[in-house]
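Thanks, everyone. Let me put the model on the screen, and then I will walk you through it.

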Amino acid sequence: MAILRKLIITPVVLAAIYVVIVFVLAFPEPQRFMIFLNRIQVPTRFEMPEWYGFAHHKVRNLDLSLYDKALMDPGHETVIYFHGNAMNRAAPWRVELYKFDRLNIIAIDYRGYGDSEGIPSEEGLQLDAMAVIDWLRDRKVPHHRISLIGHSLGTGVATRLAYEMTRKGIPPKSLIVKAAFSSLPNLIFEYHILDYLPILAPLRALPRIQAWLLESLQHAFDSQSRMEVGTMCDKKSAKKKKKNEQYI
(Lines give C-alpha, C1' and ligand atoms only; values in the text may rest on other atoms or scores of the structure.)
Protein backbone atom coordinates (compact mmCIF):
# COMPACT_ATOMS: atom_id res chain seq x y z
CA MET A 1 0.00 0.00 0.00
CA ALA A 2 2.85 2.37 0.83
CA ILE A 3 4.39 1.94 -2.63
CA LEU A 4 1.00 2.42 -4.29
CA ARG A 5 0.41 5.57 -2.25
CA LYS A 6 3.77 6.96 -3.35
CA LEU A 7 2.99 6.14 -6.96
CA ILE A 8 -0.22 8.15 -6.67
CA ILE A 9 1.08 11.03 -4.58
CA THR A 10 4.30 11.68 -6.55
CA PRO A 11 2.62 12.54 -9.90
CA VAL A 12 0.05 14.67 -8.08
CA VAL A 13 2.76 16.64 -6.28
CA LEU A 14 4.78 17.09 -9.48
CA ALA A 15 1.66 18.25 -11.33
CA ALA A 16 0.88 20.73 -8.54
CA ILE A 17 4.44 22.11 -8.66
CA TYR A 18 4.19 22.47 -12.43
CA VAL A 19 0.88 24.36 -12.13
CA VAL A 20 2.42 26.72 -9.58
CA ILE A 21 5.44 27.36 -11.85
CA VAL A 22 3.21 28.15 -14.83
CA PHE A 23 1.08 30.47 -12.69
CA VAL A 24 4.10 32.29 -11.26
CA LEU A 25 5.58 32.80 -14.76
CA ALA A 26 2.58 34.93 -15.64
CA PHE A 27 3.90 37.68 -13.35
CA PRO A 28 6.46 40.28 -14.55
CA GLU A 29 9.30 39.73 -12.08
CA PRO A 30 9.52 35.91 -12.38
CA GLN A 31 9.35 36.37 -16.17
CA ARG A 32 12.18 38.89 -16.03
CA PHE A 33 14.30 36.52 -13.97
CA MET A 34 13.76 33.54 -16.27
CA ILE A 35 14.28 35.49 -19.52
CA PHE A 36 17.30 37.60 -18.60
CA LEU A 37 18.92 35.59 -15.76
CA ASN A 38 20.86 38.76 -14.98
CA ARG A 39 21.17 37.84 -11.30
CA ILE A 40 23.69 35.16 -12.28
CA GLN A 41 26.78 37.36 -12.46
CA VAL A 42 30.20 35.73 -12.73
CA PRO A 43 33.00 36.66 -13.23
CA THR A 44 32.94 39.91 -11.28
CA ARG A 45 36.39 41.39 -12.01
CA PHE A 46 36.28 43.98 -14.81
CA GLU A 47 39.13 46.35 -13.93
CA MET A 48 41.88 44.03 -15.25
CA PRO A 49 41.21 42.62 -18.75
CA GLU A 50 44.65 40.95 -18.55
CA TRP A 51 43.11 38.57 -16.03
CA TYR A 52 41.20 36.98 -18.93
CA GLY A 53 44.20 36.43 -21.17
CA PHE A 54 44.45 39.75 -23.03
CA ALA A 55 47.80 41.40 -23.66
CA HIS A 56 48.68 44.44 -21.57
CA HIS A 57 46.99 47.61 -22.93
CA LYS A 58 45.27 45.51 -25.61
CA VAL A 59 41.79 45.87 -24.10
CA ARG A 60 40.17 48.71 -22.20
CA ASN A 61 37.32 48.40 -19.72
CA LEU A 62 35.41 51.61 -20.24
CA ASP A 63 32.21 53.44 -19.45
CA LEU A 64 30.67 54.71 -22.69
CA SER A 65 29.40 57.82 -20.94
CA LEU A 66 32.90 58.82 -19.72
CA TYR A 67 35.58 57.56 -22.10
CA ASP A 68 35.94 59.71 -25.21
CA LYS A 69 38.93 58.24 -27.03
CA ALA A 70 38.41 54.48 -27.20
CA LEU A 71 38.46 54.26 -30.99
CA MET A 72 42.05 55.19 -31.72
CA ASP A 73 41.90 54.09 -35.34
CA PRO A 74 38.52 54.83 -37.00
CA GLY A 75 39.80 53.25 -40.22
CA HIS A 76 39.31 49.80 -38.71
CA GLU A 77 36.01 47.92 -38.83
CA THR A 78 33.92 48.06 -35.66
CA VAL A 79 32.01 45.08 -34.29
CA ILE A 80 29.44 45.31 -31.49
CA TYR A 81 28.81 42.08 -29.59
CA PHE A 82 25.50 41.49 -27.79
CA HIS A 83 25.71 38.53 -25.42
CA GLY A 84 22.97 36.17 -24.26
CA ASN A 85 21.29 35.91 -20.87
CA ALA A 86 23.05 35.07 -17.61
CA MET A 87 26.54 36.12 -16.52
CA ASN A 88 28.20 39.06 -18.30
CA ARG A 89 30.70 40.24 -20.92
CA ALA A 90 33.61 38.65 -18.98
CA ALA A 91 32.27 35.06 -19.22
CA PRO A 92 35.16 32.86 -20.49
CA TRP A 93 33.47 31.64 -23.67
CA ARG A 94 32.52 35.22 -24.56
CA VAL A 95 36.01 36.59 -23.95
CA GLU A 96 37.40 34.23 -26.61
CA LEU A 97 35.24 35.99 -29.21
CA TYR A 98 36.95 39.33 -28.57
CA LYS A 99 40.45 38.19 -29.53
CA PHE A 100 40.73 39.51 -33.07
CA ASP A 101 43.38 41.75 -34.55
CA ARG A 102 42.68 44.92 -36.51
CA LEU A 103 39.09 45.18 -35.32
CA ASN A 104 37.44 47.56 -32.89
CA ILE A 105 35.31 45.19 -30.79
CA ILE A 106 32.79 46.60 -28.35
CA ALA A 107 31.29 44.12 -25.89
CA ILE A 108 28.63 45.68 -23.69
CA ASP A 109 26.78 44.60 -20.60
CA TYR A 110 23.14 45.60 -20.73
CA ARG A 111 21.51 47.32 -17.77
CA GLY A 112 21.42 44.94 -14.82
CA TYR A 113 24.38 42.88 -16.09
CA GLY A 114 27.98 43.02 -14.92
CA ASP A 115 28.77 46.45 -13.53
CA SER A 116 25.93 48.18 -15.41
CA GLU A 117 23.16 49.59 -13.27
CA GLY A 118 19.43 49.23 -13.84
CA ILE A 119 16.82 46.55 -14.43
CA PRO A 120 16.75 44.65 -17.74
CA SER A 121 13.78 44.72 -20.08
CA GLU A 122 13.32 44.39 -23.83
CA GLU A 123 12.97 48.15 -24.26
CA GLY A 124 15.83 48.85 -21.86
CA LEU A 125 18.21 46.56 -23.73
CA GLN A 126 17.27 48.28 -26.96
CA LEU A 127 18.05 51.69 -25.50
CA ASP A 128 21.44 50.36 -24.39
CA ALA A 129 22.16 49.05 -27.89
CA MET A 130 21.16 52.31 -29.56
CA ALA A 131 23.31 54.25 -27.07
CA VAL A 132 26.36 52.41 -28.43
CA ILE A 133 25.45 53.39 -31.99
CA ASP A 134 24.95 57.02 -30.94
CA TRP A 135 28.32 56.92 -29.16
CA LEU A 136 30.04 55.60 -32.30
CA ARG A 137 28.33 58.10 -34.60
CA ASP A 138 29.37 60.96 -32.30
CA ARG A 139 32.92 59.78 -33.00
CA LYS A 140 32.33 59.83 -36.77
CA VAL A 141 32.29 56.04 -37.20
CA PRO A 142 30.22 55.45 -40.38
CA HIS A 143 27.38 52.96 -40.24
CA HIS A 144 28.80 50.95 -43.14
CA ARG A 145 31.82 50.09 -40.96
CA ILE A 146 29.70 48.80 -38.08
CA SER A 147 28.76 45.12 -37.80
CA LEU A 148 26.44 43.59 -35.20
CA ILE A 149 26.85 40.15 -33.62
CA GLY A 150 24.17 38.68 -31.37
CA HIS A 151 24.18 35.43 -29.43
CA SER A 152 21.07 33.77 -27.97
CA LEU A 153 19.08 36.53 -26.23
CA GLY A 154 21.46 39.02 -27.85
CA THR A 155 20.14 38.04 -31.29
CA GLY A 156 16.87 39.71 -30.38
CA VAL A 157 18.75 42.87 -29.37
CA ALA A 158 21.00 42.88 -32.44
CA THR A 159 18.15 42.16 -34.87
CA ARG A 160 16.00 44.96 -33.54
CA LEU A 161 18.97 47.35 -33.61
CA ALA A 162 19.68 46.42 -37.24
CA TYR A 163 16.01 47.01 -38.03
CA GLU A 164 16.00 50.43 -36.35
CA MET A 165 19.23 51.45 -38.06
CA THR A 166 17.90 50.35 -41.45
CA ARG A 167 14.63 52.19 -40.86
CA LYS A 168 16.62 55.36 -40.16
CA GLY A 169 18.66 54.94 -43.35
CA ILE A 170 21.89 53.96 -41.58
CA PRO A 171 21.95 50.14 -41.94
CA PRO A 172 24.88 48.25 -40.40
CA LYS A 173 27.44 46.59 -42.64
CA SER A 174 26.33 43.14 -41.45
CA LEU A 175 24.19 41.34 -38.90
CA ILE A 176 25.42 38.00 -37.53
CA VAL A 177 23.21 35.92 -35.24
CA LYS A 178 24.14 32.75 -33.36
CA ALA A 179 21.68 30.46 -31.53
CA ALA A 180 18.90 32.70 -32.78
CA PHE A 181 15.16 32.37 -32.19
CA SER A 182 12.21 33.79 -34.11
CA SER A 183 10.45 35.27 -31.05
CA LEU A 184 9.94 34.53 -27.37
CA PRO A 185 6.27 33.55 -27.85
CA ASN A 186 7.46 30.83 -30.22
CA LEU A 187 10.51 29.87 -28.18
CA ILE A 188 8.90 29.33 -24.79
CA PHE A 189 6.78 26.44 -26.04
CA GLU A 190 9.70 24.84 -27.87
CA TYR A 191 12.50 25.28 -25.32
CA HIS A 192 13.98 22.17 -23.68
CA ILE A 193 16.32 22.06 -20.69
CA LEU A 194 19.42 20.09 -21.70
CA ASP A 195 17.61 19.18 -24.95
CA TYR A 196 15.45 16.65 -23.14
CA LEU A 197 13.08 18.31 -20.66
CA PRO A 198 10.37 20.51 -22.19
CA ILE A 199 9.22 23.24 -19.83
CA LEU A 200 6.04 24.66 -21.35
CA ALA A 201 5.52 22.33 -24.33
CA PRO A 202 2.76 20.38 -22.49
CA LEU A 203 0.62 23.54 -22.50
CA ARG A 204 0.09 23.13 -26.23
CA ALA A 205 -2.57 20.61 -25.29
CA LEU A 206 -4.33 23.39 -23.32
CA PRO A 207 -4.93 26.25 -25.80
CA ARG A 208 -6.70 28.52 -23.32
CA ILE A 209 -3.88 28.36 -20.77
CA GLN A 210 -1.35 28.77 -23.57
CA ALA A 211 -3.16 31.89 -24.81
CA TRP A 212 -3.39 33.25 -21.24
CA LEU A 213 0.34 32.82 -20.71
CA LEU A 214 1.12 34.50 -24.04
CA GLU A 215 -1.07 37.46 -23.10
CA SER A 216 0.91 37.76 -19.86
CA LEU A 217 4.28 37.75 -21.64
CA GLN A 218 6.02 41.09 -21.07
CA HIS A 219 8.89 40.70 -23.56
CA ALA A 220 8.52 39.45 -27.13
CA PHE A 221 11.87 39.97 -28.93
CA ASP A 222 10.09 39.43 -32.25
CA SER A 223 13.16 39.04 -34.45
CA GLN A 224 11.43 37.28 -37.34
CA SER A 225 9.06 40.12 -38.23
CA ARG A 226 11.85 42.69 -37.93
CA MET A 227 14.13 40.65 -40.17
CA GLU A 228 11.39 40.43 -42.80
CA VAL A 229 10.66 44.17 -42.63
CA GLY A 230 14.37 45.00 -42.56
CA THR A 231 14.97 42.92 -45.68
CA MET A 232 12.15 44.72 -47.49
CA CYS A 233 13.54 48.12 -46.45
CA ASP A 234 17.01 47.12 -47.62
CA LYS A 235 15.66 46.03 -51.00
CA LYS A 236 13.79 49.33 -51.38
CA SER A 237 16.97 51.25 -50.51
CA ALA A 238 18.94 49.27 -53.08
CA LYS A 239 16.33 49.92 -55.78
CA LYS A 240 16.27 53.62 -54.94
CA LYS A 241 20.06 53.80 -55.06
CA LYS A 242 20.14 52.01 -58.42
CA LYS A 243 17.49 54.35 -59.79
CA ASN A 244 19.44 57.42 -58.66
CA GLU A 245 22.60 56.04 -60.27
CA GLN A 246 20.76 55.75 -63.59
CA TYR A 247 20.08 59.48 -63.54
CA ILE A 248 23.68 60.43 -62.79
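Which helices each supply at least two residues of the lining of the largest cavity? The answer is α4 and α5, with α5 spanning residues 153–167. Keep in mind that this is a predicted model.

Let me stay with that cavity. Its space comes to about 30 Å³. The count of cavities of 30 Å³ or more is one. The lining is made by E122, Q126, G156, V157, R160, F221 and R226. Of the elements involved, α5 gives the most, with three residues.

Now step back to the whole protein. We have eight helices and six strands. Along the sequence the order is α-α-β-α-β-α-β-α-β-α-β-β-α-α. So much for the order; now the packing. There are 248 residues, and 37% of them are buried. Take the contacts with a separation of 6 or more: 73% of these join residues 24 or more positions apart. The exposed area is about 15,600 Å². Carbon and sulfur atoms supply 61% of that area.

Next, the surface at the N-terminal end. Helix α1 covers residues 2–24, and V12 sits in it. Is V12 buried or exposed? V12 counts as exposed, because its relative accessibility is 52% and the cut-off for exposed is over 50%. V12 also belongs to a nonpolar surface patch. The other members are I8, I9, V13, L14, I17 and I21. Together they make a patch of about 630 Å².

On to the pockets. I will take the second largest one. Its volume is about 640 Å³. The lining has 20 residues, and those closest to the pocket centre are M34, I35, N85, L187 and Y191. Two helices each supply at least two lining residues: α2, residues 28–36, and α6, residues 184–187. The largest share comes from α2, with three residues.

Just past α6 we reach F189. This residue is in the loop between α6 and β5, the strand at 192–193. Is F189 buried or exposed, loop position aside? F189 counts as buried, because its relative accessibility is 4%, and buried means under 20%. What does F189 touch, beyond its neighbours within four places in sequence? The list is L200, A201, L203, R204, Q210, L213 and L214. Look at A201 in particular. F189 and A201 are 12 residues apart in sequence, yet their C-alpha atoms are 4.6 Å apart in space.

A second loop residue to compare is H76. H76 lies in the loop between α2 and β1, the strand at 77–82. With 18% relative accessibility, H76 counts as buried, since the limit is under 20%. Leaving out residues up to four places away in sequence, H76 touches R102 and N104.

Now the region around β3. Three residues deserve a look here. Start with R145. R145 is in the loop between α4, residues 122–138, and β3, residues 146–151. Its relative accessible area is 27%, so R145 is partly exposed. In sequence, R145 and S174 are 29 residues apart. In space, their C-alpha atoms are 8.9 Å apart.

K140 is also in the loop between α4 and β3. Its backbone is worth checking on the screen. What is the phi of K140 near? Phi is near 65°, a positive value in a residue other than glycine. K140 counts as exposed, because its relative accessibility is 71%.

On the far side of β3 comes S152, in the loop between β3 and α5. S152 has a positive phi too, near 55°, and it is a residue other than glycine. How accessible is S152, in terms of relative area? The value is 24%, so S152 is partly exposed.

That brings us back to α5, where we started. To recap, α5 gives three residues to the lining of the largest cavity. In the second largest pocket, α2 gives three. F189 and H76 are the buried loop residues I picked out. K140 and S152 are the positive-phi residues I showed. I will stop there and take questions.

Notes
Residues are numbered from 1 along each chain as its sequence is written. This is a predicted model: local features need pLDDT of at least 70, side-chain atom pairs count only at pLDDT 80 or more; totals for chains, interfaces and linings use all residues. Side-chain values use heavy atoms; hydrogens and water are left out. Patches are made of residues with over 30% relative accessible area and no salt bridge: like charges are joined within 9 Å, nonpolar side chains (Val, Leu, Ile, Met, Phe, Trp, Tyr) within 5 Å. Accessible areas come from the Shrake-Rupley method with a 1.4 Å probe; for residues, only the protein chains shown count as cover. A salt bridge is a side-chain nitrogen of Lys or Arg within 4 Å of a carboxyl oxygen of Asp or Glu. Helices (H or I, at least four residues) and strands (E, at least two) are DSSP runs, numbered from the N terminus. Buried means under 20% relative accessible area, exposed over 50%, partly exposed in between (1.4 Å probe, protein chains only). Contact means heavy atoms within 4.5 Å. On a 1 Å grid over the protein atoms alone, a cavity is a set of points where a 1.4 Å probe fits but cannot get out, and a pocket is an open set with protein on both sides within 12 Å along at least five of seven lines; lining residues have an atom within 4 Å of a point. Grid points are joined across faces, edges and corners, and a volume is the space filled by probe spheres set on the points.
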